[in-house]
Amino acid sequence: MEAVTRENDSQLVSIVVNGVRRDLTVDCRRTLADVLREELGLTGTHLGCEHGVCGACTILLDGRSVRSCLLLAVQADGRVLETVEGLADDDGTLHPIQEAFSEKHGLQCGFCTPGFLLSVRELLATHPDPDEELIRNWLSGNICRCTGYQNIVEAVQYAAELTRAEALEPAART
Amino acid sequence: MKPPPFSYRRAASLGEAAEWLADLGGEAKVLAGGQSLVPMLSFRLARPSALVDVSRVPDACDLRHEEGRLRIGALATHRQLEHAPLEELPGGFALLPRAARLVGHPPIRLRGTFGGSIAHADPAAEWCVLATLFDAEIVALSRAGVRTIPVAEFFRGFFATALRPDEVLAEVVLRHGGREAALVEFARRHGDFALVAAAASLDGTPERVVEPRVVVGGVHDVPFRSAAAEAALAGAALTPEAIAAAAAAAAAEVEPASDVHADAAHRRQLTGTLVRRALEEVRSRWRP
């Protein structure tokens with residue numbers, strides 16, 4: 001069977017994912033989430049609803065949280081991306097946000113967690129000491145069916161504490 | 001849940017986008033923030049053969065206030081409006097940052113655009129309601145030149161506008177901010193499209209209201225301007241009685257349909273309640 005192809009149906013895309021530059025040819029119709037998961041094997045980005053409602057697929061694009069199911073991979077050309085795989089150190093040491101979610105039981109089944117972690121990463125980068133109202137507003141687009149959110153809010157507050165402590169550490173050493 | 005095949009081109013300017021739209025002959029869709037179009041592609045509710053991406057066009061996201069009008073570049077994002085400096089938004093236009101917080105969630109607001117929302121034309125969308133409230137003019141660009149469309153002629157039905165397939169939305173000009181304005185809505189979940197939204201803008205003084213405008217979203221196939229509610233307010237003092245009369249007039253005037261989300265009676269009741277709340281908010285802002 002002859003494949004039906006059209007001009008410009010696929011394009012070369014160059015992205016930086018978790019610090020590594022990746023050049024790949026993608027179908028224009030592929031979402032960024034699918035390319036991350038299926039072309040790059042980064043299956044930590046979860047797909048819940050695939051139409052922008054659940055927030056599970058949230059990643060960072062140039063440091064800002066976006067729904068990777070609502071972006072085409074071709075739209076990310078030239079951009080810097082961070083996924084959940086980029087959070088922990090190479091030796092497996094958890095990122096403070098992950099540490100806090102673990103410590104405060106901010107997850108149960110864990111399906112929504114990657115999206116929460118990346119949303120929180122942007123939140124703490126812009127608001128080092130968020131109050132509960134801000135946290136709940138910020139995370140309103142991330143749906144969790146297990147926790148009831150209380151432990152997630154506590155985890156974010158603890159993550160903020162850990163992040164602030166980490167920021168102070170180098171100064172304490174000098 | 002995967003989009004159908006299409007070609008993709010990224011425009012460097014709105015003029016270039018308009019050229020391509022002319023060449024592509026009606027089979028293309030304009031992609032801006034993509035927060036509505038991409039889900040429509042995934043559901044295959046939209047099946048364009050080509051996408052013209054304007055999201056990286058520079059200088060198309062400015063907010064400019066001149067002579068009582070607010071010009072909003074098509075690519076201004078919801079987040080940009082959320083953080084717009086209030087001192088540059090006199091009178092009723094100061095509602096825009098407050099209203100932006102009702103649009104989706106932070107990641108949606110980062111990508112989604114004002115112009116995209118207007119072109120998408122969801123009758124419950126905050127920006128479509130406010131474009132109607134603020135008597136917008138929609139500026140469309142095509143190979144043939146610039147065309148300006150008054151909002152009353154722009155929205156044609158659910159997700160339908162007067163934009164031709166070869167036109168790209170370039171700018172929205174809000175022409176009448178009034179003295180104070182408010183938007184309130186009822187949604188099932190935070191960030192959802194409203195079941196019903198009501199907006200009001202008033203001019204004059206609390207003792208004598210001039211040029212009242214009352215708009216209800218989510219009840220008809222386009223944002224609905226309630227002439228009955230406006231008539232109840234024009235020339236009146238903004239008393240609880242006048243507000244109640246305007247709310248009752250709006251509720252009596254709308255002809256909502258029933259759907260899976262809410263039946264007609266529910267939407268009618270919400271109309272009365274939300275118009276009242278919108279007017280009460282205007283009143284409290286006038287008399288803090």
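How much area is buried between chain B and chain A, and what percentage of it do carbon and sulfur atoms give? That opens a short set of exercises.

A quick setup note: this is a predicted model, where local features need pLDDT of at least 70 and side-chain atom pairs count only at pLDDT 80 or more, while totals for chains, interfaces and linings use all residues. Residues are numbered from 1 along each chain as its sequence is written, chains are lettered from A and ligands numbered from 1 in written order, and side-chain values use heavy atoms, with hydrogens and water left out.

**Exercise 1. Size up the interface between chain B and chain A.**

Step 1. Start with the opening question: about 2800 Å² is buried between the two chains, and carbon and sulfur atoms give 54% of that. Buried area here is the accessible area (1.4 Å probe) that two parts lose on being put together, summed over both.

Step 2. Count residues in contact (heavy atoms within 4.5 Å). Chain B puts in 33 residues and chain A 32 residues.

Step 3. Tally the polar side of things. There are 11 residue pairs in polar contact across the interface, both at pLDDT 80 or more. A polar contact is a pair of N or O atoms within 3.5 Å; within protein, one must be able to donate a hydrogen and the other to accept it, and residues adjacent in sequence count only if both atoms are side-chain atoms.

Step 4. Ask which elements of chain B do the touching. Those giving two or more residues are strand 1 (7–10), helix 2 (37–42), strand 3 (50–53) and helix 5 (106–111). Helix 5 gives the most, with 5 residues. Helices (H or I, at least four residues) and strands (E, at least two) are DSSP runs, numbered from the N terminus.

**Exercise 2. Find salt bridges that cross between the chains, then look at some that don't.**

Step 1. Fix the rule: a side-chain nitrogen of Lys or Arg within 4 Å of a carboxyl oxygen of Asp or Glu. That gives 31 salt bridges over all chains, and 4 between chain B and chain A.

Step 2. Pick out crossing pairs. One of them is Lys2(B) with Glu50(A), whose closest N and O atoms are 2.9 Å apart. Another is Asp77(A) with Arg10(B), at 3.8 Å, N to O. Asp77(A) sits in the loop between strand 4 (64–67) and strand 5 (80–82) of chain A, and Arg10(B) in strand 1 of chain B, so this pair joins two chains.

Step 3. Check accessibility (buried is under 20% relative accessible area, exposed over 50%, partly exposed in between; 1.4 Å probe, protein chains only). Asp77(A) is partly exposed at 21%, and Arg10(B) is partly exposed at 26%.

Step 4. Now stay inside a chain. Arg30(A), buried at 19%, bridges to Glu38(A) at 3.0 Å between the closest N and O atoms. In chain B, Arg64(B), Glu66(B), Arg71(B) and Glu171(B) link up in a network of salt bridges.

**Exercise 3. Work out how many disulfides the structure holds, and why Cys54(A) is not in one.**

Step 1. Apply the cut-off, a pair of cysteine sulfur atoms within 2.5 Å. The total over all chains is 0 disulfides.

Step 2. Take Cys54(A): its sulfur is 3.9 Å from the closest cysteine sulfur, in Cys49(A), which is too far for a bond. Cys54(A) is buried, at 15% relative accessibility.

Step 3. Repeat for Cys57(A): the nearest cysteine sulfur, that of Cys69(A), is 3.7 Å away, and Cys57(A) is in no disulfide. Cys57(A) is also buried, at 3%.
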